[in-house]
Amino acid sequence: MFAVAALALLVVMAMALLRAYLGPTLYDRVLAVNNFGTKTVLLIAVMDFLSGRPDFLDIAIVYALINFISIIAVLRFFEYADKKVAEHSE
Amino acid sequence: MRHGLALSILLSAFWLLNSGHYTTLLLFFMVASVVSIVALSHYMDVVDGEGQPLSITFTLPIYLIWLAKEVVLANIAVAKCVWKGKGSISPRTIEVTASQKSDLGKVIYANSITLTPGTVSIDLEDDKILVHALDAESADGLLTGEMDRRVCRVEQ
Amino acid sequence: MMEIILDLVSWIFLLGGSFFCLTGALGLLRFPEFFSRIHAASLTDTLGASMILIGLMFQAGWGLALPKLILILIFSLLAGTTASHAMGKAALKSGMKPLDMQDDGPKDEAEEEQPWKP
């Protein structure tokens, strides 16, 4: 039954990637990548039970932290970069 | 002092739950790292009521139970919108007033708004929160101000 | 007997969580603009993730796996809301307007000038 959840999560991740590819604006892509990351955390947690290896949960915690920090970092980065783009386009 | 103690207990519990090995050497490492982190936080001047909000320890759980119920209901409503398609949503932007006194209360309120699907707080200035709502129903639910009152009660 | 009940409950939670995750991903593809898509993403972040993790908790039993799952749950809820708020705020500050705040003026042109289009 963990296989069902893992499969559903993989489908969700594929759909998030599709949104990241289609997404008309930068923020759509960031949103899709964030969604992809949170689903990765869940997938790792499910894989822990699927494969019976108890140390995957630690990786899931670390991945959750990294994902959050990276999204905030990307947003901060484009907060300043975007202004230059706006200035050039005017 | 109270806050430093709370931080130490929290950090020790975090270490003990995550490690799973209880040998003398690792317990010594635990004490060493907890002491150094608390000292570092003390020098950074973040060991206070804002970092370790002890005052809401007992009022928060009641609120969280109510919030969980709201989140489940809102999730079902938004899921319906997704399956019905584009026609069922009417995005709108509203402004609500946060009547909490402390910054902590405002943060709890804004975070609760975001946690509930259908409403996302996109800006917070002084005590005005700009909220993007997915449809009229979730916007009206927020404008009744029940969540605001409950967060005020947590704060006391 | 007890194990069968636990299995059943955990099945229900896992399937429910998978359903909500799929719904959220569908909304992510289906909704018309960025600010609506945040709502769809928060759908998978809150109930989808919580239900899958609670389903796993029923399987984990009383052990060290349980507090770790609870930690992941608390952290994903906190981080998810903060990330949603940060994205909404950054988008608003960069000049993107929600549908009902767009006055006139062709907003689409600004979007097409983004150099990240594939």
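Helices and strands here are DSSP runs, with at least four residues for a helix and at least two for a strand, numbered from the N terminus. Counted that way, chain B of this predicted model comes out with six helices and three strands. Reading from the N terminus, the order is α-α-α-β-α-β-β-α-α. So the chain opens with three helices in a row and ends with two, by the DSSP runs used here.

What does the overall shape of chain B look like in numbers? Along the principal axes, its C-alpha atoms take up a box of roughly 65 × 35 × 25 Å. The radius of gyration is 20 Å, where a compact globule of 156 residues would come in near 15 Å. Of those 156 residues, 40% are buried. As for the surface, about 8900 Å² of chain B is accessible, and carbon and sulfur atoms account for 67% of that.

Contacts and charges fill in the picture of chain B a little further. Taking the contacts between residues at least 6 apart in sequence, 66% of them link residues at least 24 apart. The chain carries 12 positive and 16 negative charges, and the mean positions of the two sets sit 9 Å from each other.

Next come the nonpolar cores. The largest one holds 30 residues, and the residues with the most contacts inside it are A:Val46, C:Ile52, C:Leu53 and C:Leu56. Two chains supply the elements that give two or more residues to this core: α1 (2-22), α2 (26-51) and α3 (56-89) from chain A, plus α1 (2-30), α2 (34-60) and α3 (65-93) from chain C. C:Leu56 gives a close-up of this packing. Leaving aside residues up to four places away in sequence, C:Leu56 touches A:Phe2, A:Ala45, A:Val46 and A:Phe49 on the chain A side, and C:Leu14 and C:Leu69 within chain C. Apart from this core there is another one, made of 22 residues, including C:Leu28, C:Phe35, C:Ile38 and C:Ala90.

Back in chain B, a few single residues are worth a visit. B:His42 belongs to helix α2. Is B:His42 buried or exposed? It counts as exposed, because its relative accessibility is 56% and the cut-off for exposed is over 50%. B:Ser12 lies 30 residues from B:His42 in sequence, and the two C-alpha atoms are 17 Å apart in space.

The loop between α2 and α3 of chain B comes next, and B:Asp45 is part of it. With a relative accessible area of 62%, B:Asp45 is exposed. Its backbone has a twist of its own: B:Asp45 shows a positive phi of about 65° without being a glycine. Most residues other than glycine have a negative phi. The loop between α2 (24-44) and α3 (60-84) also holds B:Thr57. B:Thr57 is only partly exposed, because its relative accessibility is 40%, which falls between the 20% and 50% limits. From B:Thr57 to B:Leu25, 32 residues away along the chain, the C-alpha separation is 33 Å.

Another positive phi turns up at B:Asp126, about 50°, and this residue is not a glycine either. Where does B:Asp126 sit? It is in the loop between β2 (119-125) and β3 (128-133) of chain B. At 70% relative accessibility, B:Asp126 counts as exposed.

Conventions: Residues are numbered from 1 along each chain as its sequence is written. Chains are lettered from A and ligands numbered from 1 in the order in which they are written. This is a predicted model: local features need pLDDT of at least 70, side-chain atom pairs count only at pLDDT 80 or more; totals for chains, interfaces and linings use all residues. Side-chain values use heavy atoms; hydrogens and water are left out. The radius of gyration is taken over C-alpha atoms; the globule rule is 2.2 Å times the number of residues to the power 0.38. Buried means under 20% relative accessible area, exposed over 50%, partly exposed in between (1.4 Å probe, protein chains only). Contact means heavy atoms within 4.5 Å. Accessible areas come from the Shrake-Rupley method with a 1.4 Å probe; for residues, only the protein chains shown count as cover. Lys and Arg count as positive and Asp and Glu as negative; His and the chain ends are not counted. The place of a charge is taken as NZ of Lys, CZ of Arg, CG of Asp or CD of Glu. A nonpolar core is a set of buried Ala, Val, Leu, Ile, Met, Phe, Trp, Tyr and Cys residues joined through side-chain atoms within 4.5 Å.
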